[in-house]
Amino acid sequence: MNIRIAHPADSIAIAEITAEGLGYNCTPEMIAQNIAALDSSHARLFVAEVDGEVVGFVEPQVYDAVYFSPLVNILGLAVRESHRGMGIGKSLMEAAENWAKQIGATGVRLNSGADRTNAHAFYRNIGYEAKKQQIRFLKEF
């Protein structure tokens, strides 16, 4: 397994993994544009490769607020179903955590859907604690 920074050419695989693992249907073109536009001082997109195939990704981003020290927020983590249980998610999270330490963040936070109980077990297994429950609000334009 190889963990590396994503590039726009990974967009087809990332779109497939996003649809399968997170339930979001995104076009590879949109993902490629978003990868190209990432501000590397505030965000990263790591991918995991097995035998040259992209099988997972994690997207950490700086999370700043005036009322606490800087954190890194995980915007998304997904691994192809065929490759789960192989330590890929853990390795991706370790890459995100290492980047967080390098930039001086004081921790890593993430949100996980209430129905994603397997994901919750995974996060607890790698040392994360559930701190509070929230209701997500969204206003679309």
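## Helix H1

H1 has 12 residues and spans 15 Å from its first C-alpha to its last, close to the 16 Å expected at 1.5 Å a residue. The model is predicted. Directly after H1 comes Gly23, which has a positive phi near 80 degrees.

The buried residues of H1 are Ser11, Ala13, Ile14, Ala15, Ile17, Thr18 and Gly21. An α-helix has 3.6 residues a turn, so residues three or four places apart point the same way. The cover over the buried residues of H1 includes helix H2 as well as three strands: E2 (46–50), E3 (53–65) and E4 (68–79).

## Packing of H1 against H2

Helix H1 covers residues 11–22 and helix H2 covers residues 28–37. Their axes are 8 Å apart, and the two helices pack at an angle of about 115 degrees. An angle of 65 to 115 degrees counts as roughly perpendicular, and H1 and H2 are therefore placed in that class. The crossing of H1 and H2 is right-handed.

On the H1 side, the contact is made by Ser11, Ile12, Ile14 and Ala15. On the H2 side, Pro28, Ile31, Ala32 and Ile35 take part. By class, the contact has 7 nonpolar residues, 1 polar residue and no charged residues. Among the H1 residues that make this contact, Ser11, Ile14 and Ala15 are also listed as buried.

## Thr18

Thr18 is a residue of helix H1. Its relative accessible area is 7%. The cut-off for a buried residue is under 20%, so Thr18 counts as buried.

Leaving out residues up to four places away in sequence, Thr18 touches Gly23, Tyr24, Cys26 and Phe57. One of these contacts, Gly23, is the residue with positive phi that follows H1. Another, Phe57, falls within the range of strand E3 (53–65), which is part of the cover over the buried residues of H1.

## Ile3

Ile3 is located in strand E1, which runs over residues 2–5. Its relative accessibility is 28%, so Ile3 counts as partly exposed.

The C-alpha atoms of Ile3 and Phe46 are separated by 6.5 Å, although the two residues are 43 residues apart along the chain. Phe46 is also among the contacts of Ile3. With neighbours within four places in sequence set aside, the other residues in contact with Ile3 are Val47, Ala48, Ser91, Leu92 and Ala95. Phe46, Val47 and Ala48 fall within the range of strand E2 (46–50), which also helps to cover the buried residues of H1.

Technical notes: Residues numbered from 1 in each chain as written. Predicted model: local features only at pLDDT ≥ 70, side-chain atom pairs only at ≥ 80, totals over all residues. Heavy atoms only, no water. Axes fitted to C-alpha atoms, helices over the stretch in contact; angles between N-to-C directions. Helix = DSSP H or I, 4+ residues; strand = E, 2+ residues; numbered from the N terminus. Parallel < 35°, antiparallel > 145°, perpendicular 65-115°, else oblique. Left-handed = near helix turned anticlockwise from the far one by under 90°. Contact = heavy atoms within 4.5 Å. Nonpolar A, V, L, I, M, F, W, Y, C, P; charged D, E, K, R; others polar. Expected span 1.5 Å × (residues − 1). Buried < 20%, exposed > 50% of the residue type's maximum accessible area, 1.4 Å probe, protein only.
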